Amino acid sequence: MVLGQVGNFLAYNMAPAALVTPLGALGVPFGSLLASYMLQENLNVLGKLGCVLSCAGAAVLIIHAPKSENVSSRMELEEKLGDPVFLGYLCVILLLLLLLILWVAPVHGPTNIMVYSTICSLLGSFTVPSSKGLGLAAQDVFTGDPSNQRALCLLGLLLVTLASSVLIQFTYINKALEHFDSSVFGAVYYVTFTTLVTLATAILFREWSDVGAVDCLGMLCGFVTVSVGIVLLQVFKEFTWSWNDVKKAPRKKD
């Protein structure tokens with residue numbers, strides 16, 4: 001798990017978040033395939049179809065994803081963080097989080113899966129940009145640049161933001177797993193988390209500024225394909241449905 005998180009951190013600093021975040025779901029089908037062949041766990045025909053759809057959607061995402069980064073230095077990052085549009089977006093996210101955590105979650109959280117899922121996904125608007133910004137800030141911290149003290153302050157701010165948001169996320173993920181099936185929550189969480197994180201990084205890093213309409217449509221189709229695959233793999237994994245059931249055709253009555 002630790003190696004996986006380190007890999008995510010490196011990926012966010014090497015590729016656009018609009019590509020890395022949706023592809024994070026590929027761990028689900030690959031884990032299911034490994035468990036099927038190595039641990040002899042049952043993987044029904046819907047699960048296999050979900051694996052195929054997830055991989056196909058990932059290929060579409062890779063083809064149509066933004067090809068280059070629009071923020072490549074700490075100075076550019078600081079400029080983007082001070083953008084009024086992004087600051088306004090953060091204020092809206094904070095207000096929604098306060099509303100959900102203080103008023104909605106205590107009443108409707110145990111009965112509505114979207115409450116905990118939305119809280120964790122909104123927090124992703126802080127975790128992913130913070131992870132991506134840490135790599136940019138760290139480049140200047142260990143250099144002899146006179147401005148490295150400012151870079152150190154930015155690095156500390158991003159670390160505190162990342163740690164706080166991750167801890168709160170884990171808290172509400174555990175609460176969600178106490179009340180809802182992990183497979184259903186995982187599928188819903190993937191869709192909401194990816195959507196909100198892509199929106200946050202698009203506003204902050206402007207990764208979509210040079211993406212054409214065809215590529216935007218391709219990214220949307222790829223994301224929907226991966227989401228359908230994850231739903232088939234997670235939600236319907238308990239179904240006892242095999243290829244033999246598919247081959248059985250109803251006989252015509254005379």
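User: Which angles count as roughly antiparallel for a pair of helices?

Analyst: For helix axes, an angle under 35 degrees counts as roughly parallel. Roughly antiparallel requires an angle over 145 degrees.

User: In this predicted model, are α6 and α9 roughly parallel or roughly antiparallel to each other?

Analyst: Helix α6 spans residues 84-108 and helix α9 spans residues 182-205. Their axes come within 9 Å and cross at roughly 150°. Because angles over 145 degrees fall in that class, α6 and α9 are roughly antiparallel.

User: How many nonpolar residues does the contact of α6 with α9 have?

Analyst: On the α6 side, the contact is formed by Val85, Phe86 and Tyr89. Helix α9 contributes Leu196, Leu199, Ala200, Ile203 and Leu204. With no polar and no charged residues, the contact of α6 with α9 has a nonpolar count of eight.

User: What is the handedness of the crossing of α4 and α10?

Analyst: Helix α4 (residues 45-64) packs against α10 at about 160°, and the axes are 7 Å apart. That angle makes α4 roughly antiparallel to α10. The residues of their contact comprise 15 nonpolar, nine polar and one charged. The crossing of α4 and α10 is left-handed.

User: What separates the C-alpha atoms of Leu220 and Val60?

Analyst: Leu220 belongs to helix α10, which covers residues 213-235. Along the chain, Leu220 and Val60 are 160 residues apart. The separation of their C-alpha atoms is 9.3 Å.

User: Does Leu220 count as buried, partly exposed or exposed, and why?

Analyst: The relative accessibility of Leu220 is 49%. Buried requires under 20% and exposed over 50%. Leu220 therefore counts as partly exposed.

Technical notes:
Residues are numbered from 1 along each chain as its sequence is written. This is a predicted model: local features need pLDDT of at least 70, side-chain atom pairs count only at pLDDT 80 or more; totals for chains, interfaces and linings use all residues. Side-chain values use heavy atoms; hydrogens and water are left out. Helices (H or I, at least four residues) and strands (E, at least two) are DSSP runs, numbered from the N terminus. Buried means under 20% relative accessible area, exposed over 50%, partly exposed in between (1.4 Å probe, protein chains only). Axes are lines fitted to C-alpha atoms, for helices over the stretch in contact, and angles run from 0 to 180 degrees between N-to-C directions. Angles under 35 degrees count as roughly parallel, over 145 as roughly antiparallel, 65 to 115 as roughly perpendicular and the rest as oblique. A crossing is left-handed if the near helix is turned anticlockwise from the far one by less than a right angle, and right-handed if clockwise. Ala, Val, Leu, Ile, Met, Phe, Trp, Tyr, Cys and Pro count as nonpolar, Asp, Glu, Lys and Arg as charged, and the others, Gly among them, as polar. Contact means heavy atoms within 4.5 Å.
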